[in-house]
Structure formats: structure tokens, C-alpha cells
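Q: Please take a close look at a single helix of this structure and at what surrounds it. I would like one connected account rather than a list.

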Amino acid sequence: MTYKKFIASLAKNAGMTTREAESLLKNYIGVLTADMCNQQSFPLVDFGYFEVKNKAEKKMFNPITQEYKTIPASKSMTFKPNSSLKNFLNK
């Protein structure tokens, strides 16, 4: 599904214009991004939740140069579906 098709489907199902649907989606993404910056989990009822994970600093060995390189600590975002979504996908 493309972005335009998703917005059209969202607008149709919610009974709003495509501009309103796109604005709704952009606002939702803004709230999600702000919560992720504050390292919070972001639940979606009957769907799952997004969560920030902290990755520790680690050392990796480069076999070509025979040197170790330090990979700095970083953050990543994960999504965990809830059981009803998993069951729906596995039918």
C-alpha cells in the first residue's frame, strides 16, 4: 500500500477529507516521535506498542585491518504486537 492509498483509505473509513486524514496522521507521528525522544513506550490499543531500546557500546574486530573499532552506544525503536494482532496475522 502506498502513502496516498493509505491516506485515502483512512479518510474513507473515518469519514473525513484526505487533507484531514493526512493532518491527523502527521500529528500522530509527531506525538509518537516526541514520546520516543523522551524514552517512553507508546501503546496502541488492540495493536501493540512502540518502545525505545538502548544499545550499549561495543567493540568490533575488523579482520582486514586487524584492528578493533568501538561502536558508540545508540538508541533504537522496536515494535511489539499484542496477542490479538499476532493471532490475526497467523490465521
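A: What follows is an account of helix H2, its surroundings and the aromatic pairs. The model is a predicted one, and the description should be read with that in mind.

Helix H2 runs over residues 18–37, and at 1.5 Å a residue its 20 residues should span 28 Å, which agrees with the 28 Å that separates its end C-alpha atoms. The buried residues of this helix are Ala-21, Leu-25, Leu-32, Asp-35 and Met-36. Seen down the axis of H2, these buried residues fall within an arc of 100°, so they line one face of the helix. The face turned away from that buried side carries the exposed residues Arg-19, Lys-26, Asn-27 and Cys-37.

As for the partners of the buried face, the buried residues of H2 pack against helix H1 (3–14), and also against the strands S1 (42–44), S2 (48–55) and S5 (74–81). Helix H1 can be checked in the manner used for H2: its 12 residues, at 1.5 Å each, should span 16 Å, and its end C-alpha atoms are indeed 16 Å apart. Both helices are followed by a residue with positive phi, namely Gly-15 after H1, with a value near 70°, and Gln-39 just after H2, with a value of about 60°.

Two residues of the buried face, Leu-32 and Met-36, belong to the largest nonpolar core, which has five residues in all and is completed by Phe-42, Phe-50 and Val-52. To this core H2 and S2 each supply at least two residues. Phe-42 is buried, since its relative accessible area of 11% lies under the 20% cut-off. When residues up to four places away in sequence are not counted, Phe-42 touches Tyr-28, Val-31, Leu-32, Asp-35 and Met-36, and also Gly-48, Tyr-49 and Phe-50.

Turning to the aromatic rings, a search of the whole structure finds four aromatic pairs. One of them joins Tyr-28 and Phe-42 in an edge-to-face arrangement, with 5.7 Å from centre to centre and 70° between the planes. This pair links distant parts of the chain, as Tyr-28 lies in helix H2 and Phe-42 in strand S1, 14 residues apart. Tyr-28 counts as partly exposed, because its relative accessibility of 29% falls between the cut-offs of 20% and 50%. The rings of Phe-61 and Tyr-68 have their centres 5.0 Å apart and their planes at 55°, so this pair is tilted. Of these two residues, Phe-61 is partly exposed at 40% relative accessibility, while Tyr-68, at 63%, counts as exposed. Ring pairs also link Phe-47, Phe-50 and Phe-79 into a cluster, and Phe-50 is a member of the largest nonpolar core as well.

Strand S5, one of the elements against which the buried residues of H2 pack, also contains Lys-80. Lys-80 is partly exposed, with a relative accessible area of 37%. The C-alpha atoms of Lys-80 and Tyr-49 are separated by 5.5 Å, although the two residues are 31 residues apart along the chain. Apart from residues up to four places away in sequence, Lys-80 touches Gly-48, Tyr-49, Glu-51 and Lys-53. Gly-48 and Tyr-49 are also among the residues that Phe-42 touches.

Conventions
Residues are numbered from 1 along each chain as its sequence is written. This is a predicted model: local features need pLDDT of at least 70, side-chain atom pairs count only at pLDDT 80 or more; totals for chains, interfaces and linings use all residues. Side-chain values use heavy atoms; hydrogens and water are left out. Helices (H or I, at least four residues) and strands (E, at least two) are DSSP runs, numbered from the N terminus. The expected span of a helix is 1.5 Å times one less than its number of residues. Buried means under 20% relative accessible area, exposed over 50%, partly exposed in between (1.4 Å probe, protein chains only). The arc is that of the directions from the helix axis to the C-beta atoms. Contact means heavy atoms within 4.5 Å. A nonpolar core is a set of buried Ala, Val, Leu, Ile, Met, Phe, Trp, Tyr and Cys residues joined through side-chain atoms within 4.5 Å. Rings of Phe, Tyr and Trp (its six-membered ring) pair if their centres lie within 6.5 Å; planes under 30 degrees apart count as stacked, over 60 as edge-to-face and the rest as tilted.
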